[in-house]
Amino acid sequence: MARLSTNPQLRLSMSVRLKHVVDHVLGLTIEECSRKLGYANSSSLRKAFTGDAFVDPEKLYLLSKLTGKFGHKVNVHWIITGDGLPHLIEGRGKDKCSEELMGKINSLSKDKREALSKFLD
């Protein structure tokens with residue numbers, strides 16, 4: 001586990017986003033994700049979900065290598081900053097339509113992107 005941030009609101013925001021990607025992007029239980037990240041049990045990840053601690057950079061790196069239920073990768077930048085989308089689209093040929101759609105999504109305000117993400121879940 002990484003050292004706690006001196007900004008509890010920032011830590012809680014990142015924790016909420018971490019839980020979102022595990023639940024909705026990866027579609028894993030806390031136990032499954034804990035095993036894939038190399039934890040002996042789920043207590044460390046459980047603390048990260050509640051904001052009592054946060055995962056260290058090595059675990060974020062491992063998280064970024066996991067593939068979600070729709071073939072998406074976790075966007076670690078989104079976990080940390082809240083900017084962009086919670087997932088990355090990889091392994092698919094990008095056509096003009098996909099690029100235009102992603103451009104429109106990325107131009108939305110943060111609130112509208114979050115609302116769209118909730119709607120799609």
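Read along the sequence, the chain of this predicted model runs α-α-α-α-β-α-β-α-α. That pattern holds 7 helices and 2 strands.

**Core**

The largest nonpolar core has 23 residues. Within this core, Leu18, Val21, Leu45 and Leu63 touch the most other members. Five elements are listed below, each giving two or more residues to this core.

| Element | Residue range |
|---|---|
| α1 | residues 8–25 |
| α2 | residues 30–36 |
| α3 | residues 43–50 |
| α4 | residues 57–65 |
| α5 | residues 76–81 |

Which element supplies the largest share of this core? The helix α1 does, with 5 residues.

**Burial, surface and contacts**

The chain has 121 residues, and 36% of them are buried. The exposed area of the chain is about 7,500 Å². Carbon and sulfur atoms supply 56% of that area. Among contacts in the chain with a separation of 6 or more, 54% are between residues 24 or more positions apart.

**Aromatic rings**

How many aromatic pairs does the chain have? The count comes to 0, because a pair requires ring centres within 6.5 Å. A charge over a ring is a separate matter: Lys59 lies over the face of Tyr39, at 4.7 Å from the ring centre. This arrangement counts because the cut-off for such a charge is 6 Å from the ring centre, together with a limit of 35 degrees from the ring normal.

Conventions: Residues numbered from 1 in each chain as written. Predicted model: local features only at pLDDT ≥ 70, side-chain atom pairs only at ≥ 80, totals over all residues. Heavy atoms only, no water. Phe/Tyr/Trp six-rings, centres within 6.5 Å; stacked < 30°, edge-to-face > 60°. Core = buried A, V, L, I, M, F, W, Y, C linked by side-chain atoms within 4.5 Å. Buried < 20%, exposed > 50% of the residue type's maximum accessible area, 1.4 Å probe, protein only. Helix = DSSP H or I, 4+ residues; strand = E, 2+ residues; numbered from the N terminus. Contact = heavy atoms within 4.5 Å. Areas by Shrake-Rupley, 256 points an atom, 1.4 Å probe, with all protein chains shown as cover.
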